[in-house]
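Open the model in your viewer and keep the selection box ready. We will go from stop to stop.

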Amino acid sequence: MVERKPTLPVPRVLPAPRVPGRYKVAPEDFVVVEEELYAPSGEGDHVWLRLRKRGLSTMQAVEMLARALDRRDRDFGFAGMKDAFAVTEQWLSLEHADVARVRALALEGLEVVAVTRHANKLRPGHLRGNRFDLVLRGVGSEHVEALNVNLAELQRTGVPNYFGEQRFGKRGANLDKGLDLLRGDLAHAARRIPKKLLTLLLASVQSEVFNQVLVRRLDRMGTLLLGDVAILHTNGAAFLVEDAAAEQPRCDAFELSPSGPMPGPKCLAPRGEPGAMEAAVLAEMDLDPALFGKSPHRSNEGERRSLRMQVRDVEVVAQGDAVRLRFALPRGGYATSVLRELLVDPPWFAMD
């Protein structure tokens, strides 16, 4: 069987030319600050610690903290995963921790910048979004106008909400393994694969389905069609669109957007043209959405994801032979998706 490679994003046509530039030359060029969904109350059994990390992923930080505090990795709660080659700030939680011991932590690449308490463990998805402060090298002041023009267009229409290289692994290898698991080629092996890895492999397949639907819908990702499943940006609720013309003004105001599938038994199916489009993608990949809900695949039961995301609080500042780019994205949004629309050589993973 031919090895399956992830679908490459299709560039949009924007008003101004794309610009040259390199990102992540150093960890300090990629700063990510998590925006919490709610503030900790200051009381409760769960100690919340705000971490600033350099050159460490969220899981690497968790492993270091677990060793230092004599706890298990799974004892820690966090809202989102952060890149390793970056400077990132986020909350973690730990039940029944010694506050003084947490405050006294001194670990390479980790700084505890705040400690408080809350009644509950921090769970995945419990964040509003992330703020990004990026430095693009090799971009001069002559490119600021083009960046501003294109960012204004992206703020108006939204950014294609592709899943990026983080979902597919090195050279996209996770997708091929995930497809083998679902098709039964590795059915017995699946029971021996750690749950986290199994979830990651199957999520790569779901992400590929979503990306393929988005490619087909790119020129209409902000246009509602009859039978669409729309998502409200305020709370993530999904509903079937029965009157596209009546709902379109809310879509134009970015209150809601058309969605694509993370296939599975809990993924609400669209009707009409959107339903036919999604069915065609699944047929081409020889996939049955019900496979995701069967043991041992129950960790990936499906959901809907907005085809576009809103970029906000944009700022572009020239700094010599570089440009500093600041913006905020909702949870689940990738900064590389924004850069992919702006740069001549967009970020993506190696395909060879």
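Contact here means heavy atoms within 4.5 Å. Helices (H or I, at least four residues) and strands (E, at least two) are DSSP runs, numbered from the N terminus. This is a predicted model: local features need pLDDT of at least 70, side-chain atom pairs count only at pLDDT 80 or more, and totals for chains, interfaces and linings use all residues. Residues are numbered from 1 along each chain as its sequence is written, and side-chain values use heavy atoms, with hydrogens and water left out.

**Stop one: a helix**

Select residues 244-252, helix α7. Which of its residues are buried (under 20% relative accessible area, against over 50% for exposed and in between for partly exposed; 1.4 Å probe, protein chains only)? They are Ala244, Glu247, Gln248 and Cys251. These residues cover an arc of only 125° around the axis, so they sit on the same side of α7. That arc is taken from the directions from the helix axis to the C-beta atoms. Now show what covers them: it includes β9 (238-240), β10 (256-262) and β12 (308-309). Step just past α7 to Phe254, which takes a positive phi of about 65°.

**Stop two: a strand and its partners**

Select residues 46-54, strand β2. Seven of its nine residues are buried, so β2 is largely enclosed by the rest of the structure. Add β4 (residues 87-95): it pairs with β2 in the antiparallel sense over nine bridges. Two strands pair if DSSP finds at least two bridges between them. Click Trp48; its bridge partner in β4 is Ser93. Then add β5 (residues 110-118), antiparallel to β2 over eight bridges. Here Val47 has Arg117 as its bridge partner.

**Stop three: Leu127**

Leu127 lies in strand β6 (residues 127-137). Leu127 is buried, with a relative accessible area of 6%. Pick Tyr38 too: the two are 89 residues apart in sequence, yet 7.6 Å apart in space, C-alpha to C-alpha. Leaving aside neighbours within four places in sequence, the contacts of Leu127 include Glu34, Leu37, Ala79 and Arg331.

**Stop four: the cores**

A nonpolar core is a set of buried Ala, Val, Leu, Ile, Met, Phe, Trp, Tyr and Cys residues joined through side-chain atoms within 4.5 Å. The largest has 28 residues, and Phe132, Leu325, Phe327 and Val338 have the most contacts inside it. Helix α3 (144-157) is one of the elements that supply at least two residues of this core. In fact α3 gives the most, with five. Finish at a second, separate core of 25 residues, including Leu179, Val205, Val281 and Leu307.
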